[in-house]
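Subject: Structure for your review

Hello,

The structure we discussed is below, with its sequence. My notes follow it.

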Amino acid sequence: MEYFYTVVILMALYVILAASFNFVIGYGGLVSIAHPVFYAIGAYASALLARDMGVPVILAILAGGLIALLASVALALSSLRVSGDYLLIGSIGFQLGTLEVIKNLHWTGGAGGLSNIPSFLTQTLGPQAYVAFAVAVAMCTVLLLRWIAHGPYGRAMSAMRDDELAFAALGRNAMVMKITIFALGSGLAGLAGGIYAHYFRFIAPGQFDLLQSSALLTMVVVGGLRSTWGPIVGAIALEALPQAITFINLPPSVLGPLQGILFTSLVLIFMFVRPQGLIAASARWRGRQEEAR
Amino acid sequence: MDATTISLRRRSLLAGAGAVGIAALAPSAAKAQAATPLRFGLAMPLTGSQATYGQDQVRAAQWAVDEINKAGGINGKPLAAIVLDTQADAQTGIQAATRLASVEKVPAFVTAWSDVVKAVAPIANDSKVVELSVGANSAEIAKLGDYVYTTFPLADVDITAVARYAATTLQKKRAAVLYINNETGTVAAEIYRNVFTKAGGTVVAHESYDPKATDWTGTLLKVRIAQPDIIHIQGLVADTPQVIAQLRQLGMTQPVSSYSAAYNPKLIQQLGAAANGVIATSLAPGVNNSPAVAAYVERWKKEVGREPNGLPYTQYLYDAPYLVAAVFKSLDDKKIAITGENFRTEMLAIRTFELPLTGKLIFADDHTVSKPVYLMEVRNGAWVQAAVVG
C-alpha cells in the first residue's frame, strides 16, 4: 500500500509543479526552465528550518514556499527586463548556479544530499494523511491557478503575453505582472518542494537538475500548454507510465531503452499529430498566431 | 435397489473420487508449498550511466542465487531475488525500495550507490525491512538507522590505508588530492588529507572537479604548480581513467593513487602504458589470494568473455545472497516467521558470516564492517598486489 501512496504523492507533487510551470510558461509566456530550482529551494529551506532550527513542519513547508517566491523575485528583477532567449539563458544559469552553491555548502549536506529530515503526519496519522494533504494542496493549486487564469487578471495576462507593447500602451505595467506570475508559479513549486522533503526525508542536488526541467516541460507540452487540465493529465500520465512499465517484468536490457524510446516517441508524436497536447487550450488562450492558422 | 441406495452409492462414489483426487493432488500441493521461494530484493542500476557496473553486479548476485538453489536451496526452498532498477538515482531508488517493501514484501533488500542507499534508508527504517548496502562507501551509511547495514567497508577503511601507505611505506611528503565533487569524493578527500597530514606529510593541493566535467586541464594545472610527489584521485569508475590520461598528457609523471573504483581491468585497457604505477585499493581478495576468486574470474572469462567491471564490487554482490540465505536458513531452522524485524534480529545474532569470495564478515555494533585492504599496483600492464593492510 505504501507503494501506492508514494506514487500518488509523487503524482500530486508533479501536478503542482506542472500546473505552476504551465502558469509561468503557458499563461504568462515567460520562457524559463528554472522551475525545478524553486522546487529545490523550497525543499531545502523547509528541511533545514524544520531539522536544524526546530520550526514546526507545516510552518517550514509554508516558509519554503515563501523563500522560493522571494528567490524568484530576485531572479525576476534582474532577468525579466529581458525576455525570450535571454530569459531562458538567465534561468538556466540561475538553476545551475544555485545547484552548485547547494553542492558546495556544508550546511546543505553538500553533494551528498540532506538526510534526517523530520517527517510530517506519516508517523502520527499514517501515510494516508500525507496523501490527503498532498492531494489537497495539488487540488487547491489547480483551482487557484484556474481561477486566476480565467478571471479578469487572466485576460490581462493573455493581453500581456500576446502583445506586450499594446498592453503597456493601455497603461498597464507588464513588468509587475511578469514578476507576479513568476513569483506565484515559483512559490507554488517551493511549496511542492517542502511537501516532498518531509515525506521522502532525503534530498540531493542531483534531483533538481536540467533533466527534471525537461521532464516538467514534457508533462506540460504533452498534457496541453495553456489549458487547466492538460498539465495535470500530462503529470499523472508521465508519472504513472514508467511505473506501469516496470510491472511488465521485461528484462532490464529491454526495459531501459523502452522507457527512453517511449518518452521520445510521445514527444515526437505530440509535436506532429497533436501539437496542442492531450487537452487543448480554450480559444482565448491559444494566442493570435495559433488562432490565425 | 431403490432410488435412495443408488443416490447414496453415487454420493459415496463421488466422495471416493473426490478423496482420491485430493489425495492425488496433495503431494503436488505439498511440493508447491515446499517450493515457495524465499525472496529478497536487489535494487541496482540496470540502466543509466552506472548500468555497466550495476548489470555485472546483478549478474554476480544471480549466479550466487543459482548456485545456492543448485545446492538444494534453503532447507529445500529456493532462494529468489526480485531485481529492480534504481538507475543509481535517488528518486528511482525510492520507488524501487518502496515497491520491494510494500508490494513484494521482502524482509531484506540489497542496494548500492551512496545516494540511493541514503535516500531509501527512511523506507527501510519505517517498513522495518533490512537494507543491505553492498558497495556504497559513504561514511554516513553507518548512521542511517536501525535497519540499514553495510557489508562493504566504508570510505575510512581503504582511504586511511592508501594515505598511510603513501606517507609511510612510499615515504611521500607532498600529496595532491583531486576529488569529484559528490558524496564519494568530498568525504574521502577529507579523510585522505587528515590521515596523510597526521602521518607527517603535507597536502599541497586539495582540488575538486564537477561530476559532469569532461576536461580537467585547469584543475590539473593547479595540481602541477603545487609540485606534489604523489597525486591521489578520488573519482568514479568512469572518470578516473580519463583524469589520469589527461594528467599524463600534461607531463605529470608522479605516482598516482586512488581507491577501489580504479581497480578495474578497463583502466589498463584505456590507459595503456600510462597506467603503470597507478596504485588502487581492493577490499576483496584477488585471484592470487583465493582459489574461489580465481575460479569466479575464470567463469566470467568463459561465460561472458571478459573480466567483470569493478571486480571487488561484484565479489561483494556475489556474496550478498549467501548472507541472506544464511539468515533465512537460521530463521527457517528455528521456525521463526521471515519478517524484516526477525531478519535483522537473526542477522545480528549470527553476526559473523563466512562468505565465498570476500571471506569473513562481522557486523559491528556501530553498523560498520572491517576488512583487510589489498593495495594493488599496475606493473607491466597488469594489476599486481603491492601490500595488504589490516
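Please bear in mind that this is a predicted model.

I begin with chain A. Helix α6 of chain A covers residues 127-149. Its 23 residues, at 1.5 Å a residue, should span 33 Å, and the end C-alpha atoms are 33 Å apart, so the expected and computed spans agree. The buried residues of α6(A) include A:P127, A:Y130, A:F133, A:V137, A:T141, A:L145 and A:A149. Among the elements that cover the buried residues of this helix are α1, α5 (122-125), α7 (152-162), α9 (174-200) and α11 (230-246) of chain A.

Helix α1 of chain A also takes part in the interface between the chains. There, 20 residues of chain A are in contact with 26 residues of chain B. On the chain A side, α1 (2-27) and α12 (252-272) each supply at least two residues. That side divides into eight nonpolar, nine polar and three charged residues.

Chain B has twelve helices and 14 strands. Its C-alpha atoms fill a box of roughly 115 × 40 × 35 Å along the principal axes. Of its 390 residues, 50% count as buried. Among contacts in chain B with a separation of 6 or more, 64% are between residues 24 or more positions apart.

The domain assignment splits chain B into domain 1 (38-153 + 291-302 + 310-357) and domain 2 (156-282 + 374-389). The C-alpha centres of these two domains of chain B lie 30 Å apart. Ten residues from domain 1 of chain B and twelve residues from domain 2 of chain B make up the contact. On the domain 1 side of that contact, four residues are nonpolar, five are polar and one is charged.

Chain B contains an open sheet of five strands in the order β2-β1-β3-β4-β5, with parallel pairing. At the edges stand β2 (79-85) and β5 (148-150) of chain B; each has a single partner strand, so one side of each is left without a neighbour in the sheet. From one strand to the next, the twist averages 25°. Strand β4 (residues 130-133) of chain B is joined to β5(B) by three bridges, and the two run parallel. In this pair, B:L132 stands opposite B:Y149 in β5(B).

Two helices can be placed against these strands. Helix α2 (residues 51-70) of chain B lies across β1 (38-44) and β2 of chain B, at about 165° to β2(B). Helix α11 (residues 311-333) of chain B packs on the sheet and touches β1, β2, β3 and β4 of chain B, with its direction at about 130° to that of β2(B).

Chain B also has an antiparallel pair: four bridges join β11 (residues 352-355) to β12 (residues 359-362). These strands form a hairpin with three residues between them. B:F353 has B:L361 in β12(B) as its bridge partner.

Finally, two backbone angles to look at. B:W113 is not a glycine, yet its phi is positive, near 75°. B:W113 is found in the loop between β3 (108-111) and α4 (114-127) of chain B. It counts as buried because 26 other C-beta atoms lie within 10 Å, where 20 or more are needed. B:Q171, also a residue other than glycine, has a positive phi near 55°. B:Q171 is in the loop between α5 (155-169) and β6 (174-180) of chain B. With 11 other C-beta atoms within 10 Å, B:Q171 is exposed.

Regards

Technical notes. Residues numbered from 1 in each chain as written. Chains lettered and ligands numbered in written order. Predicted model: local features only at pLDDT ≥ 70, side-chain atom pairs only at ≥ 80, totals over all residues. Domains from an automatic or database assignment. Contact = placed C-beta atoms within 7 Å. Nonpolar A, V, L, I, M, F, W, Y, C, P; charged D, E, K, R; others polar. Pairing = 2+ DSSP bridges. Expected span 1.5 Å × (residues − 1). Buried ≥ 20, exposed ≤ 12 C-beta atoms within 10 Å, placed from the backbone. Axes fitted to C-alpha atoms, helices over the stretch in contact; angles between N-to-C directions.
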